[in-house]
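Visitor: I'd like to learn how to read a few features of a fold, one at a time. Can we go through them together?

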Amino acid sequence: MLKWIATKIIKMSETRTGLMGEHFAAGAILAQGWSYAASPQDKFDGIAISNNNDDLVLLVQVKTSSFILQKGKRTPCYHFQLGSGSKNKKKPNNTKGKSDYDILALCGAKHRHCVFLHVSQVQQLSKRLQGHNFNAENEADTWAAAVQIARELKR
């Protein structure tokens, strides 16, 4: 019985971490003056809508990680799995007019901030980031940079 309860707590914890990240990403996008709607799909978690009268709509995929000490490392960091698929991980599809999503939000659960990347910036299946990357200033800067790339590619 105790083993079953421990298993359920671990699974719930992973789900809770993911939900926390989705809420952090929504709050960060709203703070940048955009509208946001959660829309859990297979390839993306939400939709960001520009409030600048340019009708830019961006699909957002959220990945959340806990701040942990990696084996053989001296300082804790966030380790994000960027690929999709259960057994064979694949990088996101990123062809003109046919990408899986536009913006990737990497959410640091402990720091409660995000780092944003445009899908074209995703070049590997995993990424490690130090805690100092997760702050309000970097959140705003990475959002602006990812949106700029999206605007240029949608022209």
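Guide: We'll take strands, aromatic rings, a pocket and some loop residues in turn. This is a predicted model, where local features need pLDDT of at least 70, side-chain atom pairs count only at pLDDT 80 or more, and totals for chains, interfaces and linings use all residues. Residues are numbered from 1 along each chain as its sequence is written, and side-chain values use heavy atoms, with hydrogens and water left out.

Visitor: Let's start with sheets. In what order do the strands of the open three-stranded sheet run?

Guide: In general, strands of a sheet pair through backbone hydrogen bonds, either parallel or antiparallel. Strands here are DSSP runs (E, at least two residues; helices are H or I, at least four), numbered from the N terminus, and two strands pair if DSSP finds at least two bridges between them. The order is S4-S5-S10, with antiparallel pairing. Strand S4 (67-69) and strand S10 (126-129) are the edges: each has a single partner strand, so one side of each is left without a neighbour in the sheet. From one strand to the next, the twist averages 45°, using axes that are lines fitted to C-alpha atoms, with angles from 0 to 180 degrees between N-to-C directions.

Visitor: How many bridges hold S5 to S10?

Guide: Four, with strand S5 (residues 76-81) antiparallel to S10. Take phenylalanine 80: its bridge partner in S10 is lysine 127.

Visitor: And which way do the side chains of S2 point?

Guide: In a regular strand the side chains alternate between the two faces of the sheet. Along S2, Gly46 and Ala48 point to one face and are buried, while Ile47 and Ile49 point to the other and are not. Buried means under 20% relative accessible area, exposed over 50%, and partly exposed in between (1.4 Å probe, protein chains only). S2 is joined to S1 by four antiparallel bridges, and to strand S3 (residues 57-65) by four, also antiparallel. Serine 35 stands opposite isoleucine 49 in S2, and glycine 46 opposite valine 60 in S3.

Visitor: Now the rings. How many aromatic pairs are there?

Guide: A pair of aromatic rings is described by the distance of the centres and the angle of the planes. Rings of Phe, Tyr and Trp (its six-membered ring) pair if their centres lie within 6.5 Å; planes under 30 degrees apart are stacked, over 60 edge-to-face, and the rest tilted. The whole structure has six pairs. One of them is phenylalanine 116 with tryptophan 143, edge-to-face at 5.0 Å centre to centre and 75° between the planes. This pair links distant parts of the chain, strand S9 (residues 113-118) and helix H2 (residues 136-154), with the two residues 27 apart. Phenylalanine 116 is buried at 2% relative accessible area, and tryptophan 143 is buried at 3%. Elsewhere, Phe67, Tyr78, Phe80 and Phe134 form one aromatic cluster.

Visitor: Where do loop residues show a positive phi without being glycine?

Guide: Try aspartate 55, with a positive phi of about 55°. Aspartate 55 is in the loop between S2 and S3 and is exposed, at 68% relative accessible area. Arginine 112 has a positive phi of about 60°, lies in the loop between strand S8 (103-108) and S9, and is exposed at 57%.

Visitor: What about proline 40: buried or exposed?

Guide: Exposed, with a relative accessible area of 63%. Proline 40 sits in the loop between strand S1 (35-38) and strand S2 (46-49).
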